[in-house]
Amino acid sequence: MAFQWPNLYIRSSGTLSNSDHFNHIRTTMAMAFKMATTGMWVTDECKNSFMEMKWKKVHRYIVFKIDEGSRLVTVDKVGGPGEGYDDLTASLPDDDCRYAVFDFDFVTVDNCRKSKIFFIAWSPTASRIRAKILYATSKAGLRRVLDGIHYEVQATDPDEMGMDVIKDRAK
């Protein structure tokens with residue numbers, strides 16, 4: 001005889017088998033991750049693309065979007081290593097929210113080459129209120145998955161995320 005108690009499978013002997021324990025931990029972690037992202041799931045493609053950008057430098061930027069129907073954060077666009085910040089800003093829609101990460105390479109005053117990763121929360125004034133709320137409440141969950149971000153920029157118009165803002169923050 002066995003019974004189900006909130007996310008815990010207990011045998012009649014009162015012991016918890018290794019596989020049951022593993023399933024309990026996995027279920028608990030999945031639930032915590034889902035709650036942390038307000039019901040949104042971050043796809044493996046998002047994580048993998050970010051790691052490729054961070055470690056292999058095969059992407060200059062990545063734009064993410066939320067698919068409201070499937071409740072998934074997905075990759076919307078990936079910028080190649082030869083693309084720049086202007087290409088990123090041009091790929092953001094005028095009437096919908098997006099997240100983006102940008103790998104900014106620069107040279108310090110000491111003539112050292114550096115790279116900083118920026119997280120951009122794009123929420124233009126022309127976007128729907130529902131989209132603004134959804135993106136604002138899901139941002140922290142995506143940020144936790146994308147480990148290695150140095151700076152965050154929140155923008156409602158292109159001036160708030162201009163190259164001068166990026167350069168100033170990277171100092």
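**Exercise 1. Find the residue that pairs with Arg60 in a salt bridge, and place both partners in the fold.**

Step 1. Apply the criterion: a salt bridge needs a side-chain nitrogen of Lys or Arg within 4 Å of a carboxyl oxygen of Asp or Glu. The side chain of Arg60 meets that of Asp105, with N to O at 2.7 Å.

Step 2. Place the partners. Arg60 sits in the loop between helix H2 (44–56) and strand E4 (61–67), and Asp105 sits in strand E6 (residues 98–107), so the bridge ties together parts 45 residues apart in sequence. Helices (H or I, at least four residues) and strands (E, at least two) are DSSP runs, numbered from the N terminus.

Step 3. Check exposure. Buried means under 20% relative accessible area, exposed means over 50%, and partly exposed lies in between (1.4 Å probe, protein chains only). Arg60 has 17% and is buried. Asp105 has 32% and is partly exposed.

Step 4. Note the basis. This is a predicted model: local features need pLDDT of at least 70, side-chain atom pairs count only at pLDDT 80 or more, and totals for chains, interfaces and linings use all residues. Residues are numbered from 1 along each chain as its sequence is written, and side-chain values use heavy atoms, with hydrogens and water left out.

**Exercise 2. Work out which residues are linked with Glu68 in a network of salt bridges.**

Step 1. Start with Arg128. Its closest N and O atoms with Glu68 are 2.6 Å apart, a salt bridge. Glu68 lies in the loop between E4 and strand E5 (72–79), while Arg128 lies in the loop between strand E7 (113–122) and helix H4 (129–145), so this pair ties together parts 60 residues apart in sequence.

Step 2. Add Arg130. It also forms a salt bridge with Glu68, at 3.1 Å between the closest N and O atoms. Arg130 is in helix H4 and Glu68 is in the E4 to E5 loop, so here the tied parts are 62 residues apart in sequence.

Step 3. Join the pairs. Glu68, Arg128 and Arg130 make up a salt-bridge network.

Step 4. Compare accessibility values. Glu68 is partly exposed at 27%. Arg128 is partly exposed at 44%. Arg130 is exposed at 54%.

Step 5. Set the network in the whole. The salt-bridge count is 10.

**Exercise 3. Describe the setting of Cys46, and state how many disulfides the structure has.**

Step 1. Locate Cys46. It belongs to helix H2. At 0% relative accessibility, Cys46 is buried.

Step 2. List its partners. Contact means heavy atoms within 4.5 Å. Beyond its neighbours within four places in sequence, Cys46 touches Phe64, Val73, Thr74, Val75 and Leu146.

Step 3. Take one distance. Cys46 and Val63 are 17 residues apart in sequence, and their C-alpha atoms are 9.4 Å apart.

Step 4. Search for disulfides, meaning pairs of cysteine sulfur atoms within 2.5 Å. The whole structure has zero. Cys112 is partly exposed, at 38%.

**Exercise 4. Identify the elements that line the largest pocket.**

Step 1. Define the object. On a 1 Å grid over the protein atoms alone, a pocket is an open set of points where a 1.4 Å probe fits, with protein on both sides within 12 Å along at least five of seven lines; lining residues have an atom within 4 Å of a point.

Step 2. Give its volume, the space filled by probe spheres set on the points. The largest pocket holds about 180 Å³.

Step 3. Read the lining. It has 13 residues, with Ala121, Ser123, Tyr135, Ala136 and Gln154 nearest the centre.

Step 4. Assign elements. E6, E7, H4 and strand E8 (151–155) each give at least two lining residues. H4 gives the largest share, four residues.

**Exercise 5. Locate Lys57 and Arg71, and give their phi values.**

Step 1. Recall the background. Most residues other than glycine have a negative phi.

Step 2. Take Lys57. Its phi is positive, near 60°. Lys57 lies in the loop between H2 and E4 and is partly exposed at 38%.

Step 3. Take Arg71. Its phi is also positive, near 60°. Arg71 lies in the loop between E4 and E5 and is partly exposed at 32%.

**Exercise 6. Summarise the chain as a whole.**

Step 1. Count elements: five helices and eight strands. Their order is β-β-α-β-α-β-β-α-β-β-α-β-α.

Step 2. Take burial. Of 171 residues, 37% are buried.

Step 3. Take contacts. Among those with a separation of 6 or more, 57% join residues 24 or more positions apart.
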